[in-house]
Amino acid sequence: GYWLGRPFQGFGYTTEAAQRVLGWAFETHRCAAVAARVYEENAASRAVLRRLGFLPTAVTERFARPLNRKVRNIVVRLDRASFEDRRLPA
């Protein structure tokens, strides 16, 4: 997961950090794909994952402890080839 303080949001830091972690995962661990889960209502995090090339694969409902309620989650997946094709400049 990731979280960025409000004063630092909107500058691309999360996308850049996630891109680097994904690069590390694909290069170091030779992962075929990476999956993630994001709250449906979290438009900012969904946008980060979309910019990185993640595609939705399923919708689930889970209890979110920080929100103290059940929330819909979108499950997304990014395969190695798609990441390499879409890799953002560092």
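# Exercises: salt bridges, helices and a patch

By the rule of a side-chain nitrogen of Lys or Arg within 4 Å of a carboxyl oxygen of Asp or Glu, the count comes to 3 salt bridges. The model is predicted.

## Exercise 1

Find the salt-bridge partner of arginine 20, and state how the pair sits in its helix.

**Solution.**
- Step 1. Arginine 20 pairs with glutamate 16; their closest N and O atoms are 3.3 Å apart.
- Step 2. The cut-off is 4 Å. The pair, at 3.3 Å, forms a salt bridge.
- Step 3. Both residues lie in helix α1, 4 residues apart, so about one helical turn separates them.
- Step 4. Check the exposure. Arginine 20 is partly exposed, at 49% relative accessibility. Glutamate 16 is partly exposed too, with a value of 39%.

## Exercise 2

Which residue forms a salt bridge with glutamate 40? Locate both partners in the chain.

**Solution.**
- Step 1. The partner is arginine 72, with the closest N and O atoms 2.9 Å apart.
- Step 2. Glutamate 40 is in the loop between β1 (33-39) and α2, and arginine 72 is in strand β3 (residues 69-79).
- Step 3. The two are 32 residues apart, so this pair links distant parts of the chain.
- Step 4. Glutamate 40 has a relative accessible area of 30% and is partly exposed. Arginine 72 is partly exposed, at 41%.

## Exercise 3

Describe the salt bridge of glutamate 41, then classify the exposure of each partner.

**Solution.**
- Step 1. Glutamate 41 bridges to arginine 69, and the closest N and O atoms are 2.7 Å apart.
- Step 2. Glutamate 41 lies in the loop between β1 and α2, while arginine 69 lies in strand β3. The pair therefore ties together parts 28 residues apart in sequence.
- Step 3. Exposed means over 50% relative accessible area. Glutamate 41 has 52%, so it is exposed.
- Step 4. Arginine 69 has 36%, so it is partly exposed.

## Exercise 4

How are helices α1 and α2 oriented to each other?

**Solution.**
- Step 1. Helix α2 covers residues 43-52, and α1 covers residues 13-28.
- Step 2. They pack at an angle of about 50 degrees, with their axes 10 Å apart.
- Step 3. Roughly parallel needs under 35 degrees, and roughly perpendicular needs 65 to 115. The two helices are therefore oblique to each other.
- Step 4. Add the handedness: α1 passes α2 in a right-handed crossing.

## Exercise 5

Name the residues of the nonpolar surface patch, and place tyrosine 13.

**Solution.**
- Step 1. The patch consists of Phe8, Phe11 and Tyr13.
- Step 2. Together they have about 360 Å² of accessible area.
- Step 3. Tyrosine 13 is in helix α1. Its relative accessible area is 43%, so tyrosine 13 is partly exposed.

Technical notes: Residues numbered from 1 in each chain as written. Predicted model: local features only at pLDDT ≥ 70, side-chain atom pairs only at ≥ 80, totals over all residues. Heavy atoms only, no water. Patch = residues over 30% accessible without salt bridge, like charges linked within 9 Å, V, L, I, M, F, W, Y side chains within 5 Å. Areas by Shrake-Rupley, 256 points an atom, 1.4 Å probe, with all protein chains shown as cover. Buried < 20%, exposed > 50% of the residue type's maximum accessible area, 1.4 Å probe, protein only. Axes fitted to C-alpha atoms, helices over the stretch in contact; angles between N-to-C directions. Parallel < 35°, antiparallel > 145°, perpendicular 65-115°, else oblique. Left-handed = near helix turned anticlockwise from the far one by under 90°.
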